[in-house]
Each structure stands twice: as structure tokens, then as C-alpha cells.
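Trainee: Could you take me through the empty space in this model, with a close look at its largest pocket? I would like to know what lines the pocket and what else is worth a glance afterwards.

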Amino acid sequence: MEKKVILVAFMLILSLIISGQYLITHVSADIGNISETWHNTSTLTIKVYHAPAVINWYDLQNSAGASQLNKQIDVNQQYCFIINVTCPNNWTEIEYINITAWYDYGNESSNYNDTKGGNVNFFLQYKNTTGTAEYNMLWPTGGEVVKGSMEEEVVNESCHNITLWFTPKYQFRYAPGDGSWDTTKNATNDPRSWNFKIEVVTEGGNVTWVKDEFGVYHYCEIVSVGDPYASGLPGENATADPITLIHRANANFSISVDIDDLQEQNGYDTIPETACGLKGGDKTSASNFDGVNPIYIYGSPSSYHDHDLNGTQHTTSDIVFHCNIPYGTLAGTYTSNVYYHLVLDPS
């Protein structure tokens, strides 16, 4: 028993000695000098956002360079929008300059709407998405407004002047304003005017915009009208072939027709105007002149036909004159001037 105790004690002492030697050897190992080190796998990240553009100034000008903001312009004359724009990063980030315009119908909360017609809306666009700038008219497409040329002046790498020319045609909607034009910039506060909005769109979807307005003078014109001709015997109702009247009007309108008594070319006899009449336009049934009042084919003395939303002129091709030739009328050729009176709604 004593020998077993001595043996166990010996083995325990031997184990402690071995463990101690290992620990001493591990702790006292020399790794040498470390004078320099590198770590090259971490990164610095800075994100630069697409900045919104700045519209420094804008104008609507005539061909002489005079501002037409909050003023009335003429149809069939050339005008331009001029916009000075800065893109803080670089001009290449400019994607679009959109110019939309619309007649407000007296409602300043109205907006551009390309479904109302080419005479009451237009949409001009400067496009800069392909590296080569281009000028397009997105609306109208029927010639109611005609796209002109584009001019681009490079002020510096981030600032350009853009000039977009256009011509409003003959039926471009009349807009008198409210009678007292407010010249406050970037505001639409004159009802019965044309409002417009300039939007500059940059990469990243940033949009910068301004609003303003202008007016349009009245314009109307009778372009052409046919000469009615009919023949017959006394007692017959002589009916002429339909004739065509072409007119232009940039507001609600009325058209009346009148004649004099018809005179035989040699002065031998007369056919009274009350023997003659017509139909056409909005007047779908024929009636005779009463000797005092004209016959209205559009509108009336107190009402007007609606302005044409599309087209540069209005064609009426169904005007039919007739004459109830009185019994006893001498043979011959009888004529009278025909008076067409086109009137625009002043409101």
C-alpha cells in the first residue's frame, strides 16, 4: 500500500513538471520586432447626388426681342421662350426642358391637358438624353401651332441659354386676360389667359419649374366663299348648287349672310331679296330673307358658335341659296352682292 501511494505521488509530480515546462516555453517565445504594417481592404464611400437645376431667368419674346409676358400676342407671328438654366453638377445631367401651355378658360387652377385640342394646348420639349440636344413639339400635331428653330448658347459647362421658337396659327385661342394684367413673375393670376409652365428635369428625376402667362389678340378672317348660281322659270324655286365658305376665328363666333334686291344687269327689272333665301352651317332648314335682317348660319345676334378646338380654319361646304322667281319676272340675269359678316365673341 505504501508503494502505491509513493508511485501515485511520483506520477503527479512528474505531470506537474511537464505541464510547467510547456507553459514556460510557450510564454517566453520571442516573435521579434514589428516596425511597420499595412491594411488595404477597407473603403471610403462618398455618394454625390444628382442636383436639381436652377432656372435663373425666363421670358416669352417676340421677333424683336421684346418681352410678351402678361401681354397679348398676335396669331401667325413668331415668338420664342428663352430659358437660362444652371445644372450645378454638369449640363449633361439635364434631360428635358418641358414647356406646356394651355388656355385657362377663366380658371387659374386649370392644368395642361392635351385632349382639349390643338388651339388651346401646346407642348414644346428640349430633349438632352442622347448627347445631342433636339427640339420637338409633342402637341399639337395638326398645325395649330408650328415649331420653329432652336438656339442654344453655352455660357459655361453647367449653364446654357435655350431659345425655342414657335408660331401660333390663325385659330389659336383668343385670350384677353381679366382687363388688368398683373406682371408678378412666376405667377398665374390673370384669368382668361394662356398659362404656361416650364419644367427642367435632371437625371435622378429632379424637377424645377416656373409658371407664367400671356394673352392673345382677336383674329378672324373670311378666306374664301363661292358664288352661288341658279336658274329657272318664273314661278319656280331655283336652287343653286352648294357653295363653300372658309373662315378663321380664334374665339366663339357668329356668321350672318345678307343680300340686296337682285338687279337685272340691264336695269329692266328687279327680284326682291325676300324672294331669296338659304340654308347651311348650323341652319339646317331653308328660309327667306325678310328684307330687314340677315340670316345667321352660325350663332345669332345674341349667341355664338363654339370656337374650333382643332384646325387652322373652318370649312362650311353646305351653303345652298334658292330663289322663288316671281311670276312675271322678265328674262335676264339678276345679281346682288352677298354680305357675309363674321363676328367674334368679345368675352
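Mentor: Happy to; here is the pocket, followed by the cavity and a patch on the surface. Keep in mind that this is a predicted model.

The largest pocket holds about 650 Å³ of space. Its lining is made of 26 residues, and those closest to the pocket centre are Ala230, Ser231, Leu262, Cys323 and Tyr334. If you sort the lining by class, you get 18 nonpolar and 8 polar residues, with no charged ones. Two strands each supply at least two residues of this lining: strand 20, which spans 314–324, and strand 21, at 334–335. Of the elements, strand 20 gives the most, with 3 residues.

Now compare that with the enclosed space. The count comes to 1 cavity of 30 Å³ or more, and the largest cavity has a volume of about 40 Å³. Around the largest cavity you will find Trp102, Tyr103, Ser110, Asn111, Asn113, Lys116, Val120 and Asn121. By class, this lining has 3 nonpolar, 4 polar and 1 charged residues, whereas the lining of the largest pocket has no charged residues.

Finally, turn to the surface. Leu44, Ile46 and Val48 make a nonpolar patch of about 400 Å². Leu44 sits in the loop between helix 1 (2–27) and strand 1 (54–62). Leu44 counts as exposed because its relative accessible area is 75%, and the cut-off for exposed is over 50%.

Notes:
Residues numbered from 1 in each chain as written. Predicted model: local features only at pLDDT ≥ 70, side-chain atom pairs only at ≥ 80, totals over all residues. Heavy atoms only, no water. 1 Å grid on protein atoms, 1.4 Å probe; cavity = no way out; pocket = protein on both sides within 12 Å on 5 of 7 lines; lining within 4 Å. Points joined across faces, edges and corners; volume = space filled by probe spheres on them. Helix = DSSP H or I, 4+ residues; strand = E, 2+ residues; numbered from the N terminus. Nonpolar A, V, L, I, M, F, W, Y, C, P; charged D, E, K, R; others polar. Patch = residues over 30% accessible without salt bridge, like charges linked within 9 Å, V, L, I, M, F, W, Y side chains within 5 Å. Areas by Shrake-Rupley, 256 points an atom, 1.4 Å probe, with all protein chains shown as cover. Salt bridge = Lys/Arg side-chain N within 4 Å of Asp/Glu carboxyl O. Buried < 20%, exposed > 50% of the residue type's maximum accessible area, 1.4 Å probe, protein only.
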